[in-house]
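User: Could you zoom in on one part of this model for me, and then work outward from there? I'd like the cut-offs spelled out as you go.

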Amino acid sequence: HGETTAPETPAPKVLGGGDRFEIRIEQGAAGIGLDLRKAPSGSHLRVRAVRSGGAVDAWNAAHPERRVERGDALVAANRGEGDVARILSHLVRHNRCMVLGFQRPTLLRICVPAGRRRLGVRLKRKEGAEDLPVCATGHPSSAEAGGPCALPMVAVGDRIVRVNDAAGSAEKLVEALKATPAGEMRVLFVAHYDC
């Protein structure tokens, strides 16, 4: 009888991101123009949207090479950083001229070899969402169909944004995960910020 060996654990490739940058804005009547969400860790605010007509929208138009985008983390306001309370107090206290610090998420591409159908993570699917957040790693269901597959560098709070050529909605991503043929599966994660 021949022995079979499980395919190797996939190695992630860092595609970019993780950059930290600052912008200088003058807040007008429309405000800073950001929809923000507090990270569960309490360390930063995540940008959910840049509102048209706000100070950040004006910054983006003038500085296309350093745009603030959905998914960026607001980590500082006028040098106040470390937790959301400090960031918010600096946002409120400094009305006109502001220096805002942001951090981009890291992009990881993981190629899962044929024979490994499970990622070894548990995902949270939300109706209408554009991505699939990772809620647990080392998930027991990974023992099915090819054995456990611990993904190095993937953590709770990271998000799947593309599976092979599917992107744009959680529903498309789930279908692509289920329908992936026996060949290699390419998964793109936005990594290292809280759900």
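Analyst: **One helix and what surrounds it**

Helix α2 runs over residues 84-93, and its buried residues are Val84, Ile87, His90 and Leu91. Buried here means under 20% relative accessible area, exposed means over 50%, and partly exposed is in between, with a 1.4 Å probe and protein chains only. Helices (H or I, at least four residues) and strands (E, at least two) are DSSP runs, numbered from the N terminus.

Why do the buried residues of α2 sit on the same side? They cover an arc of only 135 degrees around the axis, so they share a side of α2; the arc is taken from the directions between the helix axis and the C-beta atoms. Ala85, Val92 and Arg93 are exposed on the face turned away from that buried side.

Before going on, a word on the ground rules: this is a predicted model, so local features need pLDDT of at least 70 and side-chain atom pairs count only at pLDDT 80 or more, while totals for chains, interfaces and linings use all residues. Residues are numbered from 1 along each chain as its sequence is written, and side-chain values use heavy atoms, with hydrogens and water left out.

What covers the buried residues of α2 includes β3 (34-38), β4 (45-50), β5 (73-77), β6 (80-81) and β7 (97-103), where contact means heavy atoms within 4.5 Å. At the N-terminal end, Asp83 acts as the cap of α2, with a side-chain oxygen 3.1 Å from the backbone nitrogen of Ala85. As for the cut-off, a polar contact is a pair of N or O atoms within 3.5 Å; within protein, one must be able to donate a hydrogen and the other to accept it, and residues adjacent in sequence count only if both atoms are side-chain atoms.

Now for α1 (residues 55-62), the helix where Asn60 is found. Ala55, Val56, Trp59 and Asn60 are the buried residues there. Seen down the axis, they fall within an arc of 140 degrees, so they line one face of α1. Ala61 and Ala62 are exposed on the other side, and the cover over the buried residues of α1 includes β2, β3, β4 and β7. Asn60 is worth a pause: at 2% relative accessibility it counts as buried, and its side chain reaches the backbone nitrogen of Val68 at 2.7 Å. Leaving aside neighbours within four places in sequence, Asn60 touches Val50, Arg66, Arg67 and Val68.

Strand β7 also turns up in the structure's 1 aromatic pair. Phe21 and Phe102 are stacked, at 5.7 Å centre to centre with 25 degrees between the planes. Phe21 lies in β2 (residues 20-26) and Phe102 in β7, so the pair ties together parts 81 residues apart in sequence. Rings of Phe, Tyr and Trp (its six-membered ring) pair if their centres lie within 6.5 Å; planes under 30 degrees apart are stacked, over 60 edge-to-face, the rest tilted. Phe21 is buried at 5% relative accessible area, and Phe102 is buried at 0%.

Last, the cores. A nonpolar core is a set of buried Ala, Val, Leu, Ile, Met, Phe, Trp, Tyr and Cys residues joined through side-chain atoms within 4.5 Å. The largest one has 21 residues, and Leu119, Leu132 and Val154 are among those with the most contacts inside it. Its largest share, 5 residues, comes from α3. Apart from that core lies another, of 19 residues, including Ile32, Ala55, Val56 and Leu74.
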